[in-house]
Amino acid sequence: MKAIVYDFTIPKYITAKALGKHFPSLYYGKPSALSLRDVEEPELPNDNWVKIKPILSGVCGSDMGAIFYKTSPSLTPFNSFPSVLGHEVVGLVTEVGGDVRKVEVGQRITIDPYINCEVRGRKTLCPACRQGMHSLCRYKAGSAKLGPGMILGFCKDLPGGWGESLVIHESMAIPISDTVSDKVAAMSEPLSVGLHAVLRQPPKNGEHVLVIGGGMIAYSVIAAIRLLEIDCHITQLSLLSYQKEMGLKLGVNEGLISREDLGALDRSMP
Ligand SMILES: [Zn+2]
Ligand SMILES: [Zn+2]
């Protein structure tokens with residue numbers, strides 16, 4: 001199958017850091033870590049796994065961080081390469097193992113991309129997985145059956161959504177209703193990040209919330225507050241006018257993008 005493969009190496013990292021400003025192809029051209037390749041189509045490892053054909057797969061900030069070498073190489077113990085990127089996926093189930101009960105062939109699903117103890121086939125769950133906090137699984141640095149990797153797309157043994165096919169443990173599959181479009185479904189993983197943050201400490205009605213940033217997670221926090229119908233005042237601090245526009249569309253009351261905006265707010269505060 002065809003797939004976009006990311007292959008991090010220290011020499012590529014050093015060369016791009018030194019010369020990437022002048023030769024951007026060091027980030028995404030021939031000499032970069034990224035390439036479209038023919039790779040082997042993954043097989044179901046056992047009867048609890050599901051094969052997926054991706055329909056859409058998002059580009060996460062962490063993918064951009066990897067491609068532009070903004071992610072520190074010190075994190076490599078928790079990733080393994082070469083890997084097929086892509087963890088914001090909506091796709092169709094094309095094959096199910098004999099014991100799979102959650103989804104069936106032809107069903108549209110999105111994916112919880114965390115590679116936890118259950119996915120790793122560990123009989124004894126780590127303390128984090130036992131408490132249901134599987135994103136904090138202790139086995140990010142690898143286990144007997146699968147190499148290092150916190151999420152799908154950053155593990156050499158589990159290709160992500162930037163290829164023609166991928167396999168997931170059935171616990172990672174999240175069925176999608178027909179009323180949700182592919183584009184919206186592909187955003188469920190980043191939305192879940194903002195939703196989780198808001199649910200950890202939901203603002204109360206009437207409170208004033210400051211959201212700093214103009215990236216996907218800032219918008220998923222704003223969207224989550226409004227989806228939960230919390231009637232609080234949201235101020236967003238970002239850098240560019242399109243970021244402000246996007247925030248206002250999602251329900252921000254006040255968008256600040258310049259020092260003047262910030263100064264005016266400062267002066268208006270009690
Ligand atoms: Zn992501
Ligand atoms: Zn675990």
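1. The sheet. In this predicted model, five strands make up an open sheet. Their order is S7-S3-S5-S6-S8, and the pairing is antiparallel. On average, neighbouring strands of this sheet are turned by 50 degrees against each other, direction ignored.

2. Sheet edges. Strand S7 (166-169) and strand S8 (173-175) stand at the edges. Each has a single partner strand, so one side of each is left without a neighbour in the sheet.

3. The S6-S8 pairing. Strand S6 covers residues 108-111. Three bridges join S6 to S8, and the two run antiparallel. One residue pair to look at is Ile109 and Pro175: Pro175, in S8, is the bridge partner of Ile109.

4. Largest pocket: volume and centre. The volume of the largest pocket is about 1,000 Å³. Its lining counts 43 residues. Closest to the pocket centre are Tyr114, Met150, Ile151, Glu189 and Val193.

5. Largest pocket: contributing elements. Helix H3 (61-67), S6, helix H6 (188-200) and helix H7 (216-227) each give two or more residues to the lining. H6 gives the most, with seven residues. S6 therefore has two roles to note: S6 is joined to S8 in the sheet by three bridges, and S6 also contributes to the lining of the largest pocket.6. Largest pocket: chemistry and domains. By class, the lining holds 24 nonpolar, 15 polar and four charged residues. Both domain 1 (2-182) and domain 2 (188-268) take part, and each supplies at least three residues to the lining of the largest pocket.

7. Second largest pocket: volume and centre. This pocket has a volume of about 490 Å³. It is lined by 19 residues. Met187, Leu191, Met216, Ser220 and Ala223 are the closest to its centre.

8. Second largest pocket: contributing elements. Two or more lining residues come from each of helix H5 (182-186), H6, H7 and helix H8 (241-250). Here H7 gives the most, with five residues.

9. Second largest pocket: chemistry. The lining divides into 13 nonpolar and six polar residues. No charged residue is found in the lining of the second largest pocket, whereas the lining of the largest pocket has four.

10. Helices at both pockets. H6 and H7 each give two or more residues to the lining of the largest pocket. H6 and H7 also do this for the second largest pocket. The top contributor is H6 in the largest pocket and H7 in the second largest.

Notes:
Residues numbered from 1 in each chain as written. Chains lettered and ligands numbered in written order. Predicted model: local features only at pLDDT ≥ 70, side-chain atom pairs only at ≥ 80, totals over all residues. Heavy atoms only, no water. Pairing = 2+ DSSP bridges. Helix = DSSP H or I, 4+ residues; strand = E, 2+ residues; numbered from the N terminus. Axes fitted to C-alpha atoms, helices over the stretch in contact; angles between N-to-C directions. 1 Å grid on protein atoms, 1.4 Å probe; cavity = no way out; pocket = protein on both sides within 12 Å on 5 of 7 lines; lining within 4 Å. Points joined across faces, edges and corners; volume = space filled by probe spheres on them. Nonpolar A, V, L, I, M, F, W, Y, C, P; charged D, E, K, R; others polar. Domains from an automatic or database assignment.
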